[in-house]
Amino acid sequence: MKNRLKILRAERDWTQAQLAEALEVSRQTVNAIETGKFDPSLPLAFKVARVFELSIEEIFQD
Amino acid sequence: MNTPTNETGKWTSRLKQNTLRLGYWTAAWVVSMALAAFGPTFIWQSDTLPNLLAILVNLGFGIGWIIANKHNLRGLDEMQQKIQLEATALSLSVGVVAGLSYELLEDAHLIGFQPEISHLVLLMSLSYAFGLFTGNRRYR
């Protein structure tokens, strides 16, 4: 599953650590999602969408 | 810079607290285990009451360790939980398969020594560590 996490994070000038803290996950997990090594669960995807104030579809693509 | 949260560090500090608590329970359990194992030889010379007390204390710390471990696992994020699950599954599978084969070897008199539970614990610990290592590497 592809995602725009890295781009969106860079646009907001957030570090992986800051995003990880907002999502209540480790920095390693944010990195794994960004690189496509780990697909988040639906609840975590919703949380990501809430943090970026976007819909899930605007962040994650099949 | 507009940060994504106003609760910076809260999750991380909770995780650290859980890990520390697990560390304390682990240390207490290991020390009480050593006391129960070596106490009869070096301290109280096989008296029944101290033996029973040492074993009960060890059991109590063991239960505390199990609860702390469960609490720690629940505090991890979903990817860390997945890594832990896979490592635990590997350790359990290896433990059951190798443990039973080990017992069969002894029953068939193909090994010349008595199988010890410590061998199985060591094997399970090593396979768990290997599972954690490969899991963390995969998602790095």
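**A note on helix α4 of chain A and the contact with chain B**

1. A good place to begin is the end of a helix: α4(A) is followed by A:E53, whose phi is positive, near 55°. Please keep in mind while looking that this is a predicted model.

2. Now step back along that helix. The buried residues of α4(A) are A:L44, A:A45, A:V48, A:A49, A:V51 and A:F52. These residues lie on the same side of α4(A), because they cover an arc of only 165° around the axis. In general, an α-helix has 3.6 residues a turn, so residues three or four places apart point the same way. Turn to the other side of α4(A) and you will find A:L42, A:P43 and A:R50 exposed.

3. What covers the buried residues of α4(A)? The cover includes α1, α2, α3, α5 and β2 (60-61) from chain A, and α3 of chain B is part of it too.

4. It helps to see the core around this helix. The largest nonpolar core has 24 residues, and those touching the most other members are A:L5, A:L19, A:L23, A:V48, A:F52, A:I59 and A:F60. Two or more residues each come from α1 (5-11), α2 (16-23), α3 (27-34), α4 (42-52) and α5 (56-59) of chain A, and also from α3 (78-107) of chain B. The most is given by α4(A), with six residues.

5. If you would like one residue to centre your view on, try A:V48. Leaving aside residues up to four places away in sequence, A:V48 touches A:L5, A:L23, A:I59 and A:F60. A:V48 is also one of the buried residues of α4(A).

6. Next, the meeting of the two chains. Chain B brings 21 residues to the contact and chain A brings 21 residues. Between them about 1,700 Å² is buried, with carbon and sulfur atoms giving 55% of that area. On the chain B side, B:P4, B:W11 and B:E78 lose the most area to chain A, together 34% of what that side buries.

7. How many salt bridges are there between chain B and chain A? The count is one. The partners are B:R14 and A:E24, whose closest N and O atoms are 3.9 Å apart. The side of chain B that touches chain A draws two or more residues from each of α1 (10-42), α3 and α4 (117-138) of chain B.

8. Last, the polar contacts: nine residue pairs are found across the interface of chain B and chain A, counting pairs with both residues at pLDDT 80 or more.

Conventions
Residues are numbered from 1 along each chain as its sequence is written. Chains are lettered from A and ligands numbered from 1 in the order in which they are written. This is a predicted model: local features need pLDDT of at least 70, side-chain atom pairs count only at pLDDT 80 or more; totals for chains, interfaces and linings use all residues. Side-chain values use heavy atoms; hydrogens and water are left out. A nonpolar core is a set of buried Ala, Val, Leu, Ile, Met, Phe, Trp, Tyr and Cys residues joined through side-chain atoms within 4.5 Å. Buried means under 20% relative accessible area, exposed over 50%, partly exposed in between (1.4 Å probe, protein chains only). Helices (H or I, at least four residues) and strands (E, at least two) are DSSP runs, numbered from the N terminus. Contact means heavy atoms within 4.5 Å. The arc is that of the directions from the helix axis to the C-beta atoms. Buried area is the accessible area (1.4 Å probe) that two parts lose on being put together, summed over both. A salt bridge is a side-chain nitrogen of Lys or Arg within 4 Å of a carboxyl oxygen of Asp or Glu. A polar contact is a pair of N or O atoms within 3.5 Å; within protein, one must be able to donate a hydrogen and the other to accept it, and residues adjacent in sequence count only if both atoms are side-chain atoms.
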